[in-house]
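Here are a few exercises to work through with the model open beside you. Each one sets a task and then solves it step by step.

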Amino acid sequence: MTAASGGVPRVVPEETVLYTDILRLATCHDDLGDISDASILVRGNVIAWVGPTASLPAAEREAAVRTVSLAGQVVIPGLVNTHHHMYQTLTRCVAQDSQLFGWLTSLYPAWSTMRGEDVYVSAKLAMSELILSGCTTSSDHLYIYPNDVLLDDTIRAAREVGLRFLATRGIMTLGASSGGLPPDDCVERAEAALADAERLIAQFHDASRYATLRIGLAPCSPFSVTDEVMRGAAAVAERHERVRLHTHLAENDEDVAYSQRRYGCRPGAYVRRMGWEHDRSWFAHCVKLDAGERAQFREAGMAVAHCPSSNLRLASGICPVRRLLDDGVTVALGVDGSASNDGSNLLQEARLALLLQRAGGDASGLRVREALRLATRGGAVALGWADAIGQIAPGFAADFVGWQTRGNLSMAGALRDPVSALLLCDPGRVTTSVINGEQIVADGALLTQDLETLIEDHNARSARICSVITDAPEA
């Protein structure tokens with residue numbers, strides 16, 4: 001199989017499976033709420049019935065060809081990661097004390113050495129890490145294409161690992177010689193990048209409700225792309241159903257200052273000028289949005305991918321999530337790249353998002369269930385999958401995850417509210433993960449990957465790629 005093939009789509013299961021004996025089920029559905037001693041009936045890849053086990057109709061029980069006991073587990077909808085750079089798992093713990101622009105310039109030389117197989121392996125590792133932390137759906141923002149790298153490499157990884165995936169065709173076209181941040185050897189021609197986006201949409205994009213693979217367009221940032229590619233991406237997305245737009249925006253003070261210097265406007269005006277002001281756009285970070293821009297986001301239906309660990313690691317600031325929510329803006333969560341996080345654990349991001357909004361002294365700055373909603377329904381809205389994921393209810397895709405409470409040291413004493421304990425305690429890896437009706441994790445083991453072999457391969461590739469980095473690790 002070549003790197004460009006994109007792999008073989010996973011087969012949707014056709015059997016009816018009953019997941020039962022669930023200790024506590026948080027459906028994240030407005031009417032169903034939390035259910036104790038619950039069951040979920042799955043037909044193929046869709047949830048057919050949800051409720052207390054005692055209320056399960058006999059006909060539904062008899063329809064199940066297989067029963068899976070989730071005794072002792074607390075189950076929630078699969079988490080939705082809305083911003084990542086999966087290739088960055090290859091370059092963790094670099095430029096440890098740098099802000100955004102310095103961090104990027106330290107890493108561009110290493111990333112320029114990557115080949116397609118490096119990106120494929122790094123994506124498999126990032127996806128495995130996400131799944132084991134409770135994530136069932138993720139986007140990825142691959143914006144650098146050196147050597148033989150293609151977006152197809154990450155698509156192949158997703159199909160093998162089993163993650164529901166929004167692969168965005170990232171683009172950089174504004175090199176240093178033209179006033180951008182990336183080196184000239186890291187950028188592309190706009191027309192070639194946009195043509196490749198059209199190819200990817202034609203080859204891979206699935207606009208159906210329960211799609212497991214979609215394509216988006218993601219010009220990297222105001223300091224790395226030309227107006228031509230921003231407007232061109234908007235035009236491509238407009239021509240195709242459910243093709244979304246993504247970029248970094250208002251990440252830190254340097255970012256905003258660059259926009260004002262180069263474009264003569266703040267980020268919100270830049271978005272409007274580029275033709276991105278609509279509900280098919282979502283933006284990473286948005287730490288520095290002002291009141292007018294928050295109102296603009298609400299009115300246009302644009303969403304924010306909040307990445308708390310990365311924002312703190314790069315000293316970018318704290319995103320005003322409480323203000324955004326109060327102003328009616330959709331907020332979701334992202335782990336961001338694993339070179340600025342430096343991990344891929346979305347449950348930890350939900351916990352950190354919760355704590356950061358309370359750091360100013362307001363205990364209700366973000367409530368526990370609000371943080372869970374950001375990680376589930378907020379992400380579903382941001383990625384355009386709100387009709388299929390983010391809730392456990394009849395008609396939704398069978399995407400859910402569970403953690404075992406029995407024998408779980410970190411959950412001891414927290415069973416009064418085991419759902420909130422997922423964020424307030426440290427539950428560890430998931431015990432169960434079902435994605436699109438397929439059980440991907442059982443008894444804590446990822447069934448689709450040999451992790452030991454994957455990690456060894458990944459580390460060897462990382463060592464080669466990081467060998468060109470000149471900054472010294474901390475003593």
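**Exercise 1. Decide whether Trp-103 is buried or exposed, then describe its ring pair with Trp-111.**

Step 1. Trp-103 has a relative accessible area of 4%, so it is buried (buried means under 20% relative accessible area, exposed over 50%, partly exposed in between, with a 1.4 Å probe and protein chains only). This is a predicted model, in which local features need pLDDT of at least 70 and side-chain atom pairs count only at pLDDT 80 or more, while totals for chains, interfaces and linings use all residues. Residues are numbered from 1 along each chain as its sequence is written, and side-chain values use heavy atoms, with hydrogens and water left out.

Step 2. Trp-111 is buried too, with a relative accessible area of 0%.

Step 3. The two rings lie 5.8 Å apart, centre to centre, with 75° between their planes, which is an edge-to-face pair. (Rings of Phe, Tyr and Trp, the last by its six-membered ring, pair if their centres lie within 6.5 Å; planes under 30 degrees apart count as stacked, over 60 as edge-to-face and the rest as tilted.)

Step 4. For contrast, take Trp-276 and Phe-283: their ring centres are 6.0 Å apart and the planes meet at 40°, so this pair is tilted. Trp-276 is buried at 0% relative accessible area, and Phe-283 is buried at 0% as well.

Step 5. Now widen the view: ring pairs join Tyr-87, Trp-103, Tyr-108, Trp-111 and Tyr-143 into a cluster. The structure holds 12 aromatic pairs.

**Exercise 2. Find which rings have the charged ends of Arg-156 and Arg-169 over them.**

Step 1. Apply the criterion: NZ of Lys or CZ of Arg must be within 6 Å of the ring centre and within 35 degrees of the ring normal.

Step 2. Arg-156 places its charged end over the ring of Tyr-120, 3.6 Å from the centre.

Step 3. Arg-169 does so over Tyr-145, at 4.0 Å from the ring centre.

**Exercise 3. Locate the backbone features at Asp-342, Arg-242 and Asp-336.**

Step 1. Recall the background: most residues other than glycine have a negative phi, and most peptide bonds are trans.

Step 2. The peptide bond from Asn-341 to Asp-342 is cis, with omega near 15°. Asp-342 belongs to the loop between strand 13 (330-333) and helix 12 (helices, H or I with at least four residues, and strands, E with at least two, are DSSP runs numbered from the N terminus).

Step 3. Asp-336 is found in the loop between strand 13 and helix 12. Its phi is positive, near 60°, and Asp-336 is buried at 4% relative accessible area.

Step 4. Arg-242 also has a positive phi near 60°. It sits in the loop between helix 6 (227-238) and strand 10 (245-249) and is partly exposed at 26% relative accessibility.

**Exercise 4. Work out the secondary structure content of residues 74-410.**

Step 1. An unreviewed UniProt entry annotates residues 74-410 as "domain: Amidohydrolase-related"; UniProt positions are given in the numbering used here, feature names are shortened, and annotations may be inferred rather than shown by experiment.

Step 2. Over this stretch the chain is 39% helix and 16% strand, and the end C-alpha atoms are 14 Å apart.
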